[in-house]
Amino acid sequence: MRRLDLLTAEEAEWAQEARSLPEQVRAVVDLLAGKGSFASQSLQTFIETTNSQLYLHITVYEPMVQKHLESLQSYYENGLDTGSLQRLTNLLLVEGLTDIQQKEHDILQIEATKGLQNVSKSIPLEKLFLPLSKVSIPPRISVTIGVAGIGKSTLVKLFVYTWAKGEINRDIIFVLPLTFRELNTYEKLSAEKLICSAFPHITEPSCISAGAARTLLILDGLDEFKTPLDFSNTVVCTDPKKEIQVDNLITNIIRGNLLQEASVWVTSRPTAASQIPGGLVDRMTEIRGFAAAEMKDFLDQMFLDNKDLSGQVLHHIRANRSLHVRCIIPGFCWICGSSIGYYLKHSTDQPQETTGVPKTLSEIYSYYFKMALNNDWPENPRETLRIEQAVNNSRKIVGSLGRLAFYGLLKKRYVFYEQDMKAYGIDLSLLQISLCSRLLLKEEMQSFTAYCFSHLTLQEFLAAIYYYTAAKRAIFDLFTESGMSWPKLGFLNHFKNAVQRSLQAEDRQLDIFVRFLSGLLSPQVNKLLSGWLLVKDEHNSFRSQAVSFLQSCLNTDYAISSRAVNTMHCLHEIQHMEVAKMVEEAMKNESLAGMLTPVNCSALAYLLQVSDICMEETNLSNCLTYNVCKSLLSQLLFCHNLRLDNNQFKDNVMELLGSMLSVKDCHIQKLSLAENHISNKGAKALARSLLVNRSLTALDLRNNFIGPTGARALFLALLLSPCSLQHNTIKEEGATFLAEALLTNHRLMTLQLQKNAIGAHGARRIAEALKQNCSLKELILSSNSVGDDGSVALAEALKVNHSLQSLDLQSNSISSAGVTALTAALCSNKGLINLNLRENSISKEGGPAIAHALRTNSTLRKLDLAANLLYDEGGKAIALAMKENQALKSLHLQWNFIQAKAAAALAQALQSNSSLASLDLQENAIGDEGMAALSAALKFNKTLAHLLQVASIGTAGAQALAEALMVNKSLQILDLRGNSIGVAGAKAMANALKVNRSLCWLNLQENSLGMDGAIFIATALKGNHGLTYINLQGNRIGQSGAKMISDAIRTNSPNCVVDV
């Protein structure tokens, strides 16, 4: 083609880049297709005279590929709304299955993890079968997991359709999508017959089995396969033409004995995916659930003609944490949204039916069934149908489907065929009614018709209805389908049997079933379904005894498992929540100490999943013992922000917590263990777990006893931030270890070491490390006896380290010598934003050094010099520098013996300074003279928002300030507590408040206002709309006067909080 000038050099090179001969052939054919008749004739001549292999690819394989593409496009183009599937175009890369995914029911997985996956990398759909890097190879076996209803089959359809259109993975010649429900219809198959049976147009399967064309074999829905895969007893088969058992065929394909060159993609629910040994899986991905915006869009599509209703449904879902978490699953979101929408539309029509929005699973599904009975769906108008006729038509079919659902659940069967339907007495003609069309999905293929419930939970609800109805008259164990068992008489015996079997089941697949069974005993569900599926008020005969039995299942020991949590869910479904409410109230009041019995522990574990109290932070401080902590470990795993302060935990508890932090399921991001009794041994146990933990980002161990060796162990393992080791007797030796760790640790951003007695030597070692460390952003060394020597060392580090943003050196006996070194470093430092030097010994001689730094430095935003010895001289030097500084936003000068002269200098600076937003002059006796100067400046200053506790102010100072407030529009917080502005000063301030609109927070505590002054202020607020807080305490107005003033302020300004 190149010699005939039919291809350019670039086109020929592009075609040769294809890895296999079929890919090269396709590339050449695509290029020549657009070059006219001469190109086509030349290609035909070339085909007739070329070698047999190329002839075969062009004349046989390429037409077969084209026919395959057309077949897939035709099959998948209908019913796939690609516009709403953006969520599926990015999958989460995961490193194998977690323990909870291998053992727990899908809904329980979502509830326990609160619907949030551990932080994972994502991979776009088009790169799913490509190498992750230039040095890796494409995966042979890929597994994508997702809970029921999350969209696995939809993902497969999206991929196949997008590939068939030529938009992704063009290097793959054949994509062969198969479902396990299809494989269920075969007993024996060979590899080549598998291909030919599913894709009759592929007449030469040998090109696939021999690896001549790159192939992707898709096996969708492993959880629906009727035979468990047994990889340990696989009979090896390498002959692609030999027929073997289908399960053996699948295991040989996955092991690579058959179709060795083909890539294989398996989709499955997580528990079923555990059948495939992890060592055989090259890439595992997970489908994520709805994000908040996606859930809203989904509901908007459901209620396309009624956006107000969509908003109301979303509001109710978000108000119920349990429902909101489950609604990340599209399948469940549809059921839940439909039910709540139905309730909202009809609650005014029949108010006697209900007492509120459906909240429990059983209520949601009862409404769904009622909606199905009336054929009243969000997307179509309600059909007119006599209710008696609908009930009669549906009662029989629900009974038959319920029996199928129940025994299918016991056998782990989720797909059924026509022979199954007939075996359970289901009239196939009745499946056309509206109710069945919403409960069952029907898939018709050439060789079979398959049925499955539209969501796993619908199968479980139907199973519960069947069991509930049958248990009232059954005399044998319903779990034995043959009926051969010891007699069981009465509903309660059957109920207890179901609960006990659920508690004993290792795979937890009966947990949601028993929730529904319990829910059918609730008054609300009985109201909804009575006259149709339930008898009115019959639950009253069983409910109290069922509650007692469920509670007895909790009162065993301190081993709180997910089984106990599920029992609490059963009590929630049956609407008996007294224990949970009591424990939740104790959590709110932080009064759990001493009340955590086994039953209350089960309630606590349940609340950790569902209570809004635990949404932002799970606070279990001052209430846990070793045994209780041990019992709750499996539930604490999924608390993102966990506080376990002041529990008197010793090192043995750290061993427990270490084991929890080490598991793959761990979701804990912030862990606080402050004020316990943890020594170096406990710190080492935590350190070992941190080496493998991937979720923790913050650890608080302040006020423990980890010592130097504990600090060393932790810092060798730490990859998180922030880390608080405050008050842990680390001393100089420990600081040396921490410094060594800082040389290699490049992820730690915040280090809190206050009150550890590291001394000057420890500070020097940390300073040396800071010269090389570029990751640490915040360092807190307060109360460590750093002294001038340590400060000089830290100053040297600041000359080269420009990444540290905050340095806290409070209470370290630093004098003017130390501050001179630090401020000299600030002249060249370009990174530090916050410097805390409060409670040191900086004298007035240090003032000029600080002033020089402020004139030069342009990055420092906050400087705290409180409780030093600056006096007027030092304060004045700093004030003069603030005339030039335009970077500093916050300056703390309280407790510095500053008087009127320094205040006047600060006032002059404020007239030209445009950066300072907060000035704290607390406990400095600036007097009326100083206040008058500052007030004059406030008339011109436009940036100062916070002015805190100026001292020794009388009436004249208050009047000057009031005059400034008449024109100032920037000041938001004003603290005048502890002065003596008196009645006249109060009157002046009141007049200002009538005009001022910027002030939000005002403290006039202890100002000798008296009753008259307080009345002036209260009256003024009638016209003030800016103030949100005012403090008038300690002004000698008496209890009755306080009430009168408080009432007046609340009347005049309802949005203002008042302390009187």
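D420 is buried in this predicted model, since its relative accessibility is 14% and the limit for a buried residue is under 20%. D420 nevertheless takes part in a salt bridge, with R413 as the partner and 2.9 Å between the closest N and O atoms. R413 has a relative accessibility of 24% and therefore counts as partly exposed. The pair thus joins a buried acidic residue to a partly exposed basic one.

Two further salt bridges can be set beside this pair. E167 is bonded in this way to K165, with the closest N and O atoms 3.2 Å apart. Here the acidic residue, E167, is exposed, because its relative accessibility is 52%, and K165, at 41%, is partly exposed. The other bridge links D1047 to K1043, where the closest N and O atoms are 3.0 Å apart. Both of these residues belong to helix α44 (residues 1038–1052), and the four residues that separate D1047 from K1043 amount to about one turn of the helix. D1047 has a relative accessibility of 36%, so it counts as partly exposed, while K1043, with a relative accessible area of 55%, is exposed. Salt bridges also occur as a network, which links E104, R508 and D511. The count of salt bridges comes to 32.

The interior is the next topic. In soluble globular proteins, nonpolar side chains tend to be buried together. The largest nonpolar core in this model has 344 residues, and the members that touch the most other members are F159 and F513. Helix α21 gives the most to this core, with twelve residues. A second core, separate from it, has eight residues, including L7, A27, V28 and L32. Once neighbours within four places in sequence are set aside, F513 is in contact with F406, L409, E460, A463, A464, Y467, F479 and A498. Helix α21 spans residues 456–471, and the contacts of F513 include E460, A463, A464 and Y467.

The loop between α21 and α22 (491–504) holds F476. This phenylalanine is partly exposed, because its relative accessibility is 35%. Together with I475 and L489, F476 makes a nonpolar surface patch of about 280 Å².

Which strand order does the open sheet of three strands have? The order is β10-β12-β11, and the pairing is antiparallel. Strands β10 (416–417) and β11 (440–444) are the edges, each pairing on one side only. β11 and β12 (residues 449–453) are antiparallel and are joined by five bridges. Within this sheet, L441 stands opposite C452 of β12.

A parallel pairing is found elsewhere, between β4 and β6 (residues 215–220), over six bridges. L178 is opposite L219 in β6. Strand β4 (residues 174–179) is mostly covered, with six of its six residues buried. The side chains divide between two directions: F174, L176 and L178 point one way, V175, P177 and T179 point the other way, and all are buried.

Helix α32 (residues 707–717) is another enclosed element. Eight of its eleven residues are buried, so the helix is largely enclosed by the rest of the structure. The buried residues of α32 are G707, P708, G710, A711, A713, L714, F715 and A717. They pack against two helices and two strands, namely α31 (680–690) and α33 (731–744), and β16 (698–700) and β18 (750–752).

A last example comes from strand β27 (residues 1001–1003), which contains N1003. Is N1003 buried or exposed? With a relative accessible area of 3%, N1003 is buried. Leaving out residues up to four places away in sequence, N1003 touches L974, D975, L976, R977 and N1031. N1003 and D420 are thus both buried, N1003 with a relative accessible area of 3% and D420 at 14% relative accessibility.

Methods: Residues numbered from 1 in each chain as written. Predicted model: local features only at pLDDT ≥ 70, side-chain atom pairs only at ≥ 80, totals over all residues. Heavy atoms only, no water. Patch = residues over 30% accessible without salt bridge, like charges linked within 9 Å, V, L, I, M, F, W, Y side chains within 5 Å. Areas by Shrake-Rupley, 256 points an atom, 1.4 Å probe, with all protein chains shown as cover. Salt bridge = Lys/Arg side-chain N within 4 Å of Asp/Glu carboxyl O. Buried < 20%, exposed > 50% of the residue type's maximum accessible area, 1.4 Å probe, protein only. Contact = heavy atoms within 4.5 Å. Core = buried A, V, L, I, M, F, W, Y, C linked by side-chain atoms within 4.5 Å. Pairing = 2+ DSSP bridges.
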